[in-house]
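Visitor: Please show me the model, and then let us go through it by question and answer.

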Amino acid sequence: MAIDKIPYASLSDLLANEPMAEEDIPTAKIIKRLKHVRVDKELSRGEFLDICYWKSPRGIQAMREEFWNSCRTDHAKGLRNKE
């Protein structure tokens with residue numbers, strides 16, 4: 001399927017010429033709260049769970065369990081590999 005020529009030379013050109021919708025309040029709050037992640041390169045457990053809940057409230061229990069199972073597995077691997 002052919003697509004039309006993209007009328008913008010760059011992403012900044014696109015963003016400058018298209019209207020931007022305001023973020024809804026819960027999304028704006030989580031974006032503001034997580035600004036530090038770009039610098040710190042890590043999330044706290046609470047921040048991880050907040051993102052999961054924001055993204056899909058139905059899956060929060062599965063995410064909680066997966067997060068801790070993954071942490072336990074990684075911790076156990078680290079302890080086994082110590083010399």
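Guide: A surface patch is built from residues with over 30% relative accessible area and no salt bridge, joining like charges within 9 Å and nonpolar side chains (Val, Leu, Ile, Met, Phe, Trp, Tyr) within 5 Å. The model is predicted, so local features need pLDDT of at least 70 and side-chain atom pairs pLDDT 80 or more, while totals for chains, interfaces and linings use all residues. Residues are numbered from 1 along each chain as its sequence is written, and side-chain values use heavy atoms, without hydrogens or water.

Visitor: What accessible area do L11, L15 and M20 have together?

Guide: L11 is in helix α1, residues 11-17, and with 57% relative accessibility it counts as exposed (over 50%; buried is under 20%, partly exposed in between, with a 1.4 Å probe and protein chains only). With L15 and M20 it forms a nonpolar surface patch, whose accessible area (Shrake-Rupley, 1.4 Å probe, only the protein chains shown counting as cover) is about 340 Å².

Visitor: Which pattern does the protein chain follow along the sequence?

Guide: Helices (H or I, at least four residues) and strands (E, at least two) are DSSP runs numbered from the N terminus. The protein chain has five helices and zero strands. Read along the sequence, the pattern is α-α-α-α-α.

Visitor: How many of the residues of the protein chain, in percent, count as buried?

Guide: The accessible surface of the chain is about 7,800 Å², 58% of it belonging to carbon and sulfur atoms. Of the 83 residues, the buried share is 10%.

Visitor: With which residue does R33 form a salt bridge?

Guide: A salt bridge needs a side-chain nitrogen of Lys or Arg within 4 Å of a carboxyl oxygen of Asp or Glu, and the whole structure has one. R33 is one partner, with the closest N and O atoms 1.8 Å apart. R33 lies in helix α2 (residues 25-33) and its partner in helix α4, so the pair ties together parts 17 residues apart in sequence. The partner of R33 is D50.

Visitor: Which side chain has a polar contact with E47?

Guide: E47 sits in helix α4, residues 45-55. E47 is buried without a salt bridge, and the nearest side chain of opposite charge (Lys and Arg positive, Asp and Glu negative, His and chain ends not counted) is R33 at 4.4 Å. The polar contact (N or O atoms within 3.5 Å, one able to donate a hydrogen and the other to accept it; residues adjacent in sequence count only if both atoms are side-chain atoms) spans 2.7 Å and is with H36.

Visitor: What is the phi of K41?

Guide: Most residues other than glycine have a negative phi. K41 is in the loop between α3 (37-40) and α4, and counts as exposed at 68% relative accessibility. K41 is not a glycine, yet its phi is positive, about 65 degrees.
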